[in-house]
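Q: I'd like to take a close look at one part of this protein and then follow it outward into its surroundings. Could you walk me through it?

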Amino acid sequence: MEKFVKINFLGAAGVVTGSKFLIETSEKNILIDCGMFQGLKELRKLNWVDLPVDVSTIDVVLLTHGHLDHVGYLPRLIQQGFTGKIIGTAPTLAIAKIILEDSAKIHEEEAHKANKEKYSKHTPALPFYTIKDTESTLKLFNLELDDKWILLSEHISYRFQYNGHIIGATFIEIDINGKRFVFSGDIGRQDDHLLKDPKTPEWADFLFIESTYGNKLHPADNTEDFLTEIIIETLHKKGNLIIPSFAVERLQTLMYILWKLYKKNKIPNIPIFVDSPMGNNVLDVFKRFPAWHKLPIEDYNAMCNHVNIIQSYKETWETIDDKRSKIIIAGSGMVTGGRVLTYLQQLIDEPSTTVLIVGYQAEGTRGRQLLDGAHEIRFFGKYYPVNATIKSIESLSAHADQKDLINWMSTIKNIPEKVYLVHGEPTALDAFRVKIKDVYGWHVSIPKLTDVEKVIV
C-alpha cells in the first residue's frame, strides 16, 4: 500500500512572510516554522484567523531561524491547542525568545496606546498576544545541535544545517520513509561580514526553497564607500542619518562596518547611537555563541565600545534633543514599529535628515512606502510629511540573491521530484521558476496560500 505525506502551505506561499509548512504523516505531524504575516493589511489580518488545521494534532515545530516571520505566530499556535515541542538550534531559540518577548511587549503597548488615544477601530483594541502568552511558549522550547540526524519516529528523522542569514539559522532536512524533504529557510550570502558561508544540500526529493530575491542580483556597490559618502553628506547638512534596522544581524553588521570605517579613517568620530533594546540583547547572543559567527571577541568588544547603546526611552529623547550631527540605528527594519518611529516622528519632516533603508521591505510596510517615494507616512494615528532624503543600500541584504540561490541548489546530486518555490512575491517567484527550469530543467511549482499537496513516500 502506498504511503502519502500531506503538505499544507499555511504561510509564505505567494508572499514573503508568515512562514508555516505543515507535513502530515501517519507517524508524526511536523510544522516547519510558525511565523507572522507582515506588510499588507489583508495579510496582517490573516494573523487573527485560526489555522485551517487541527493544531492539537501537530507533534512538533521545527524552526529554521528566529525572525518574526518564522516564529512570531508561536504564541497563537499554543492558544489554538498546540502542546508539543518547539525545536531549534541554541542561537535560534535565544533569538526567538528575544523576538517573542519584544513582540509581546510591543503588542501590549500598542493596544494600550490605541485604547488611550482612541485611534483603533476596535473597542477595546487587544494585543495580538501578551507577555504571559510568550512565557507559555518558551516552556515548550527544546534545543538540538546542528549537523546531527535526530530520530523523530520509526521512519522519520531530521537534521539542522548551518545556513548563514542570521545567527543560528539553518536549513532543515527531513527523511520520511527514505524520501528527503529539504526546507531552505532563509539562505544567507557568501562572504558575509559576520557569518560563515551557508552549507548546501546534497540530496532533495522534495525541495522547498525561498525566493525573496528570486528575480534579482544584489548590486556590486561598495557598501563602505556608499556609507562613507552618506555620512560625510549628513555632516555637511548638519543633519541626522537615521537607519531603520532589523535587530538581528543587520544592526550588528552596521555597527561592525561603521567601526571599521572609523578605524580606517574613512569617517570622523561622528556619534553613533544604537536604539534597539532587542538589538542589544542580540549582541549578547553573539557573545554567547562564538562558534556560530566569525567575529573575534576583541573586535566584538571594540565595536560595542565605539557606539552609544541607548538603554531607556528617556535616552531616546535626549538623543533627539542632541543638536550634533549623528547616526541613529533603531528598530524596526521595515519601519513597522519600534523606536525608529519616535525619531521619524520628530525628524522626518526636516530636509537635513537622511533615512537609509538597508534591507528587504515587504509590500505594505512603511519602509516600502519610503522606498517608493511616499510624500507622507502614517503612524501613531497621524500623517507625517516626508521632507528627509531617502536612500537605500541593497547590498547589505541578509538574503541570497538569484545567483546565490541557483548556486545553493547546485550541490544536489539527484533530480528532485518537485521543487516548491516559497517565501517570495509573485514577480520574484515566476522569474525564479523560469531560471530553475532553464538551468536545471527541474519540475517547479508555485503553491498558493492554504494549498495542500499529497506526495508518495
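In which sense do strand S4 (residues 60-62) and S5 pair, parallel or antiparallel, and over how many bridges?

A: Happy to. Please keep in mind that this is a predicted model. Strand S4 (residues 60-62) and S5 run parallel, and three bridges hold the pair in register. To find the register on screen, look for Val-60, which stands opposite Lys-85 in S5.

On to the other neighbour of S5. Strand S5 (residues 85-88) is also joined to S6, again in the parallel sense and by three bridges. Two residue pairs trace this register: Ile-86 faces Phe-141 in S6, and Gly-88 stands opposite Leu-143 in S6. In general, strands of a sheet pair through backbone hydrogen bonds, in either the parallel or the antiparallel sense.

These strands belong to an open sheet of seven strands, ordered S6-S5-S4-S3-S2-S1-S22, and the pairing in the sheet as a whole is mixed. Its edges are strand S6 (141-143) and strand S22 (452-456), each of which pairs on one side only. Ignoring direction, neighbouring strands here are turned by 25 degrees against each other on average. Lying across S5 and S6 is helix H4 (residues 90-117), which runs at about 155 degrees to S6.

Now for the wider setting. The domain assignment gives domain 1 as 4-216 + 398-456, and domain 2 as 223-396. By these bounds, the strands S4, S5 and S6 fall in domain 1.

A second open sheet also has seven strands, in the order S7-S8-S9-S10-S11-S20-S21, with mixed pairing. Here the edge strands are strand S7 (150-153) and strand S21 (444-445), and each pairs on one side only. Inside this sheet, strand S11 (residues 206-210) and strand S20 (residues 418-422) are parallel partners over five bridges, with Phe-206 opposite Lys-418 in S20. Helix H14 (residues 426-439) packs on the sheet and touches S11, S20 and S21, its direction making about 155 degrees with that of S20.

Helix H13 (residues 402-409) lies across strand S9 (170-176), strand S10 (179-183) and S11, at about 160 degrees to S11. It is a mostly covered helix: six of the eight residues of H13 are buried. Those six are Gln-402, Asp-404, Leu-405, Ile-406, Trp-408 and Met-409. The buried residues of H13 pack against S9, S10 and S11, and against H14 as well.

How do the two domains meet? Their C-alpha centres lie 27 Å apart, and 34 residues of domain 1 are in contact with 32 residues of domain 2. About 3100 Å² is buried between domain 1 and domain 2, with carbon and sulfur atoms giving 66% of that area. On the domain 1 side, Ile-167, His-193 and Leu-194 lose the most area to domain 2, together making up 24% of what that side buries.

Val-248 is a good residue to click on here. You will find Val-248 in the loop between strand S12 (240-244) and helix H7 (250-263). Val-248 counts as buried because its relative accessibility is 3%, under the 20% cut-off. Leaving aside residues up to four places away in sequence, Val-248 touches His-67, Ile-95, Ile-99, Ile-166 and Val-282. Two of these contacts, Ile-95 and Ile-99, fall within the residue range of H4, the helix that lies across S5 and S6. That brings us back to the strands where we started. For a sense of scale, the C-alpha atoms of Val-248 and Ile-58 are separated by 28 Å, with their places 190 residues apart along the chain.

Elsewhere, a hairpin is worth a glance. Strand S17 (residues 376-379) and strand S18 (residues 382-385) run antiparallel and are joined by four bridges. Glu-376 stands opposite Pro-385 in S18. Two residues lie between S17 and S18 in this hairpin, and Phe-380 in the turn has a positive phi of about 50 degrees.

One last point concerns the cysteines. A search of the whole structure finds zero disulfides. Cys-34 is buried, since its relative accessible area is 0%, and Cys-304 also counts as buried because its relative accessibility, 16%, is under 20%.

Conventions. Residues numbered from 1 in each chain as written. Predicted model: local features only at pLDDT ≥ 70, side-chain atom pairs only at ≥ 80, totals over all residues. Heavy atoms only, no water. Disulfide = S-S within 2.5 Å. Buried < 20%, exposed > 50% of the residue type's maximum accessible area, 1.4 Å probe, protein only. Pairing = 2+ DSSP bridges. Axes fitted to C-alpha atoms, helices over the stretch in contact; angles between N-to-C directions. Contact = heavy atoms within 4.5 Å. Domains from an automatic or database assignment. Buried area = accessible area lost by both parts, 1.4 Å probe.
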